Amino acid sequence: MRIWLSRPHMSGREEAYVAKAFESNFIAPLGPQLDAFEASVAEYLGGGVHCVGLSSGSAALHLALRLVGVEAGDEVWISSMTFAGGIFPVLYMGATPVFFDLDPKSWTIDVALLGEALESAAKTGKLPKAIVPTDLYGQSVDLDPLEALSSKYGVKLIVDSAESLGAAYTNGRKCGTGGDASILSFNGNKIITTSGGGMLVTRSKDIADGARFLATQARDPAPHYEHSTFGYNYRLSNVCAAIGIGQMEVLEMRVAARRAINERYQAELNIPGISFMPEPEGYYSSKWLTTITVDPQQTGISSKNIREMLMEHQIESRPLWKPMHMQPLFSGTRYVGSRVDENLFDKGLCLPSGSDMLDAEQGEVINRIKTLLAKA
């Protein structure tokens, strides 16, 4: 049987909530299951946040950018190593992305580099409108200095937490609670899933209310359809939200399972030339995906060799995100950094990490990698 990178993992509790949605006939986008799902995420995250269930993480980022005032021609400074859905909304707004490198100590946006660039931009009066750092592979960005920089320079901060629900920054602060707004994703391969979907999280009631308004076609209060601005069909389905209620009940178990998978990989692949994504002291990563780098000079093989070998045995693995500044779409776009992300992409690999992965399946992955290394 195929071993997947990260597939949906149902608990069995979801069907009862979906059945309630059907029994009540709330099949349309809004309904009590959506309200309950939003409340469940808000309670988990804590800190007085407002949650707005949406059709995708990209939709959440699009709304967040619009609601913090990003307009055509503005600059948005963003992590270069991220999923395309975490950058395309910048283009929807007609804004210009500027891509930033990663800190090798955390594999998240290099805050020192960002601070230097903000200081320089402030002197020339060319500050960005917003900063969008990514919680990469289930690990928080360095929130405290990012929020300090946002406040100091008056630049809005939207944290892309699509990959990190269930993780925490220092002092137990949950990922998804940072900045002016954060975004979550419930895509099929995430820690928990609603089959498809996302969420905008914010402490600002105005942003939350604005998101709900824009996400339901920007319909003004009136007995007929009245519109003073344009909106989107971005609300999360009530049926999908019902799945999410059941998934939230097992979130912490899913994170624990992925952390255990990561720990086993680290213990059994403790081999010169293979390195794992670092977890800074005090952080609590969800280990959404276990990621490694492979040094061919030490191992005699490359990450590509491992990926292709695993593929031959019906085992799914994947390169790290290709940095956006390396993509044909963004050729010539400004990039700030020393190409740490390029090196990670060149040597990196995501190993199968699903929370439903069997011990025997992980053992097969480990043994096949060890066998390939022994032959090198």
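**Strands, a pocket and a sheet in a predicted model**

Me: Which residue of β8 stands opposite Val159?
Reply: The model is a predicted one. Strand β7 (residues 156–160) and β8 run parallel and are joined by 3 bridges. Within this pairing, the residue of β8 that Val159 stands opposite is Ser182.

Me: In β9, what is the bridge partner of Ser182?
Reply: β8 is also joined to strand β9 (residues 198–202), by 4 bridges, and these two run antiparallel. The partner of Ser182 in β9 is Val201.

Me: Is strand β8 largely enclosed by the rest of the structure or largely open, and how many of its residues are buried?
Reply: Ala181, Ile183 and Ser185 point one way from β8, while Ser182 and Leu184 point the other way, and all are buried. Buried here means under 20% relative accessible area. Strand β8 (residues 181–185) is therefore largely enclosed by the rest of the structure, with a buried count of 5 of the 5 residues.

Me: Which elements give two or more residues to the lining of the largest pocket?
Reply: The largest pocket has a volume of about 280 Å³. It is lined by 21 residues, and those closest to its centre are Phe83, Ala162, Ser185, Asn187 and Lys190. The elements that give two or more residues to this lining are α3 (57–67) and β8.

Me: By class, how many residues in the lining of the largest pocket are polar?
Reply: The lining is split into three classes, with Gly counted among the polar residues. It has 5 nonpolar and 4 charged residues, and the number of polar ones is 12.

Me: Which are the edge strands of the open sheet β10-β11-β13?
Reply: This open sheet is formed by 3 strands in the order β10-β11-β13, with antiparallel pairing. An edge strand pairs on one side only, and the two that do so are β10 (274–276) and β13 (348–351). From one strand to the next, the twist averages 35 degrees. The edge strands are thus named as β10 and β13.

Me: In β11, what is the bridge partner of Ile274?
Reply: β10 pairs with strand β11 (residues 290–294) over 3 bridges, in the antiparallel sense. For Ile274, the partner in β11 is Val294.

Me: At about what angle does helix α11 run to β13?
Reply: Helix α11 (residues 303–312) lies across β11 and β13. Both strands belong to the open sheet with the order β10-β11-β13. The angle of α11 to β13 is about 30 degrees.

Terms used
Residues numbered from 1 in each chain as written. Predicted model: local features only at pLDDT ≥ 70, side-chain atom pairs only at ≥ 80, totals over all residues. Heavy atoms only, no water. Buried < 20%, exposed > 50% of the residue type's maximum accessible area, 1.4 Å probe, protein only. Pairing = 2+ DSSP bridges. 1 Å grid on protein atoms, 1.4 Å probe; cavity = no way out; pocket = protein on both sides within 12 Å on 5 of 7 lines; lining within 4 Å. Points joined across faces, edges and corners; volume = space filled by probe spheres on them. Axes fitted to C-alpha atoms, helices over the stretch in contact; angles between N-to-C directions. Contact = heavy atoms within 4.5 Å.
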